[in-house]
Amino acid sequence: MTLRLVVATANPDKAREIEAVLRDSGLDVDLVARPDEVPEVEETGATLEENARLKAEALRDATGLAALADDTGLEVDALDGAPGVYSARFAGPDATYADNCDHLLSALAATPEPRTARFATSIVVALADGRELVARGEVDGSITTTPRGDGGFGYDPVFAPTGSTLTFAEMTPEAKHAISHRGRALRAAAAALWDSVPSARREEP
């Protein structure tokens, strides 16, 4: 039985990553965009998981369908874990990806390399029957001195994962998904769905 899953994010870049990873999970999932009439939820949580839960529960309650929501943060050691839950608006409420990257590089201008950091993603799946599944993924790395690469989004041009000379923005989508925080969190969420919703397992031909 196909599991209809409403995706909370209105960010098309995130939605593409979610679809790409879940497509290969072995689950029969029909991803549904957040209805236009359902407003975005204000992210007032103190942690990534709290923000993801707020969004997933609100969307499930509004639609009656299972809902998946994530929240992602970049945690920079030299900035005591900032920007964290404020990553999307680090340079201001209307900041672009480039604005946030420039603001981060400016804040780290006097910090010598390696400028260690990690990306973290928390995912909450609020099932229609009231159950909730929680997953988290992390990847360690460092902040570069200049943006590199044209792929990805967000802080990808300034984040190089540990063990790679490339930033996320210089990688192919497949290479990034294989090691990224969101990819790891999504695979953990898919595994939790596999165990919790066996009816959604894709039938082999």
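**Exercise 1. Find how many salt bridges the structure holds, and follow those that involve Arg-136.**

*Solution.* In this predicted model, a search of the whole structure turns up 16 salt bridges. One of them joins the side chains of Glu-75 and Arg-136, with 3.9 Å from N to O, and since a salt bridge needs the nitrogen within 4 Å of the carboxyl oxygen, this pair meets the cut-off. The next step is to place the two partners: Glu-75 belongs to strand 3 and Arg-136 to strand 6, so that the pair links distant parts of the chain, 61 residues apart. Arg-136 also meets Glu-138 in a salt bridge, here at 2.9 Å from N to O. As for accessibility, Arg-136 counts as partly exposed at 40%, and Glu-138 counts as partly exposed at 35%.

**Exercise 2. Decide whether Arg-131 and Asp-129, which meet in a salt bridge, are buried, partly exposed or exposed.**

*Solution.* The side chains of Arg-131 and Asp-129 meet at 2.8 Å, N to O. Exposed means over 50% relative accessible area, and buried means under 20%. Arg-131, at 38%, therefore counts as partly exposed, whereas Asp-129, at 52%, counts as exposed. Elsewhere, salt bridges link several residues into a network, made up of Glu-49, Arg-53, Arg-60, Asp-61 and Glu-132.

**Exercise 3. Describe the aromatic pair of Tyr-97 and Phe-153, and say which parts of the chain it ties together.**

*Solution.* The whole structure contains four aromatic pairs. In the pair of Tyr-97 and Phe-153, the ring centres are 5.9 Å apart and the planes stand at 40°, an arrangement that is tilted. Tyr-97 lies in helix 3 (residues 97–107) and Phe-153 in the loop between strand 6 and strand 7, so the pair ties together parts 56 residues apart in sequence. The two rings can then be sorted by accessibility: Tyr-97, at 36%, is partly exposed, while Phe-153, at 11%, is buried.

**Exercise 4. Work out which residues surround Phe-168, and which aromatic cluster it belongs to.**

*Solution.* Phe-168 is placed in the loop between strand 7 (159–161) and helix 4 (173–179). Its relative accessible area is 1%, which means that Phe-168 is buried. Leaving aside neighbours within four places in sequence, its contacts include Phe-119, Val-139, Phe-159, Pro-161 and Ile-179. Phe-168 forms one aromatic cluster with Phe-119 and Phe-159. Within that cluster, Phe-119 and Phe-159 are both buried; their ring centres lie 4.7 Å apart with the planes at 55°, so this pair is tilted. It links Phe-119 in strand 5 with Phe-159 in strand 7, 40 residues apart.

**Exercise 5. Identify the elements that build the largest nonpolar core, and find which gives the most.**

*Solution.* The largest nonpolar core has 22 residues, and those with the most contacts inside it are Leu-68, Ile-123, Val-125, Leu-127 and Leu-193. Two or more residues each come from strand 1 (3–7), helix 1 (12–23), strand 3 (66–76), strand 5 (115–126), strand 6 (132–143) and helix 5 (181–196). Helix 5 gives the most, with six residues. Leu-127 touches Arg-60, Ala-66, Leu-133, Leu-193 and Val-197, when residues up to four places away in sequence are not counted. Apart from this core lies another, of 16 residues, including Ala-117, Phe-119, Ile-143 and Phe-159.

Notes: Residues numbered from 1 in each chain as written. Predicted model: local features only at pLDDT ≥ 70, side-chain atom pairs only at ≥ 80, totals over all residues. Heavy atoms only, no water. Core = buried A, V, L, I, M, F, W, Y, C linked by side-chain atoms within 4.5 Å. Buried < 20%, exposed > 50% of the residue type's maximum accessible area, 1.4 Å probe, protein only. Helix = DSSP H or I, 4+ residues; strand = E, 2+ residues; numbered from the N terminus. Contact = heavy atoms within 4.5 Å. Phe/Tyr/Trp six-rings, centres within 6.5 Å; stacked < 30°, edge-to-face > 60°.
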